[in-house]
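Open the model in your viewer and keep the selection tool handy. We'll go stop by stop, with something to pick out at each one.

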Amino acid sequence: MEGLPTTTKGDKRWRSKNLQTSKPSLLMAFFSCIAWLYVAGRLWQDAENRTLLANLLKKNMEQRPKVLTVEDKLMVLGCKDLEKRIVEAEMDLTLAKSQGYLKNQLRQSESFSEKKLLAVIGVYTGFGSYLKRQTSRGSWMPRGDALKKLEERGVVVRFVIGRSANRGDSLDRHIDEENHRTKDFFILEGHEEAQEELPKKVKFFFSTAVQNWDAEFYVKVNDNIDIDLEGLIGLLEHRRGQDSAYVGCMKSGEVVSEEGKDWYEPDWWKFGDEKSYFQHASGSLFILSKNLAQYINVNSASLKTYAYDDTSVGSWMMGVKATYIDDNRLCCGSIRQGELASIIYSC
């Protein structure tokens, strides 16, 4: 019995304590292993996703068409000088316009036998101005055959109007029906007829008129004035051949800066501390020579308009070498004995 090993109480306590200490260590090692496997799996998955995304992007870039510069395209087409030719063509076109090129020249030649007109007179009217038009037709403006004979003398007179905001509505139809009867309208197809659009209407009128008729002068008239037509024709005949003529009743005046008041100018701050308009012809009637009308036609896209058509035209004339002609016969008044032409306004 003495040769057999014996276990004391101290040994049992040590072994029990060792087992109790090793259990948490095993659990910690187990959870650490799980955590490592999880992190490694996520990293592998992220790496795989990045590889997949990179492959997709690469494939997309390969499928995307190559962005060619203008120079590359010209090289491919074998037209390296094409750009230069386009620029030269645009310069030639601008020069041709400035020298009197008219896109409807063939139609004009057929209509007017290549005879240059003295004037195109545009009488501004609106959708609600039928009675005013009838008054003009019954007083100074010729009708029917008389209108044709006036054109044979070299003077075209037309009521000028745009189109309704709702194209083809009753307003447009009434104008078309009236024009079918009277044949005395000049309809601006690209212009929307509205009171607030009058400054733009003057650009459309001069630009379109100079493209449709070859004349010495282009005249803007309101439909609320009475005109001594023969006197006006005599005034224009006297100035035939005069370039850069800007003719009218010249005036200037205060720029109204308070919104809600009559003649309010939204761009009032552009006129300086004095708030005074530059010299310009009264909007009731003024005359431009052909080269000034052509200037408006060529530069219409970049010309700034103000609240009113007369000040707008006056601002455009400041940028060119226009000859300002202040003719008091074109001011509001009555016919005075011995004067060549007096314009009777409905003042």
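What follows is a short walk through a few strands, two helices and some cysteines.

**The whole chain**

Before zooming in, bear in mind that this is a predicted model. Colour by secondary structure and you should find 11 helices and nine strands. Of the chain's 347 residues, 38% count as buried. Now think about contacts between residues at least 6 apart in sequence: 74% of them join residues at least 24 apart.

**Strand S1 and its partners**

Select residues 117–124, which make up strand S1. How many of its residues are buried? Eight of eight, so to speak the full strand is covered.

Next, add residues 215–222, strand S4. S1 and S4 run parallel, joined by seven bridges. To line the two up, label Leu 117 in S1 and look across to Ala 215 in S4.

Then bring in strand S2, residues 155–163. S2 also runs parallel to S1, this time with six bridges. A handy marker here is Gly 122, whose bridge partner in S2 is Arg 158.

**Helix H6**

Move on to residues 145–152, helix H6. Show side chains for Leu 147, Leu 150 and Glu 151, the buried ones. Look down the axis: these residues cover an arc of only 100 degrees, which puts them on the same side of H6. Turn to the other side and you meet the exposed Asp 145, Lys 148, Lys 149 and Glu 152.

What lies over the buried residues of H6? Among the elements covering them are S1, S2 and helix H9 (229–238), so keep the two strands from the last stop on screen. After the helix comes Gly 154, with a positive phi near 100 degrees.

**Helix H7**

Now pick residues 170–182, helix H7. Put a distance between its end C-alpha atoms and you get 18 Å, in agreement with the 18 Å expected for 13 residues at 1.5 Å a residue.

Start at the N-terminal end with Asp 169, which caps H7. One of its side-chain oxygens lies 3.2 Å from the backbone nitrogen of Leu 171.

Next, highlight Asp 172, Ile 175, Glu 178 and Asn 179, the buried residues of H7. Viewed down the axis they fall within an arc of 130 degrees, so they line one face of the helix. Their cover includes helix H5 (130–138), S2 and strand S3 (185–192). Flip to the other side of H7 for His 180 and Arg 181, both exposed.

Leaving the helix, you come to Lys 183, where phi is positive, near 50 degrees.

**The cysteines**

Last stop: how many disulfides does the structure hold? One. Select Cys 249 and Cys 331 to see it, with the sulfur atoms 2.0 Å apart. The link is right-handed, at 95 degrees about the S-S bond.

What does the pair tie together? Cys 249 sits in strand S6 (residues 245–251), while Cys 331 is in the loop between strand S8 (323–326) and strand S9 (344–345), so the disulfide connects parts 82 residues apart in sequence.

Are these two cysteines buried or exposed? Cys 249 counts as buried at 14% relative accessibility, and Cys 331 is buried too, with a relative accessible area of 19%. The buried cut-off is under 20%. Finish by selecting Cys 33, which is partly exposed at 42%.

Methods
Residues numbered from 1 in each chain as written. Predicted model: local features only at pLDDT ≥ 70, side-chain atom pairs only at ≥ 80, totals over all residues. Heavy atoms only, no water. Buried < 20%, exposed > 50% of the residue type's maximum accessible area, 1.4 Å probe, protein only. Helix = DSSP H or I, 4+ residues; strand = E, 2+ residues; numbered from the N terminus. Pairing = 2+ DSSP bridges. Disulfide = S-S within 2.5 Å. Expected span 1.5 Å × (residues − 1). Arc of directions from axis to C-beta. Contact = heavy atoms within 4.5 Å. Polar contact = N/O pair within 3.5 Å; in protein donor to acceptor, adjacent residues only side chain to side chain.
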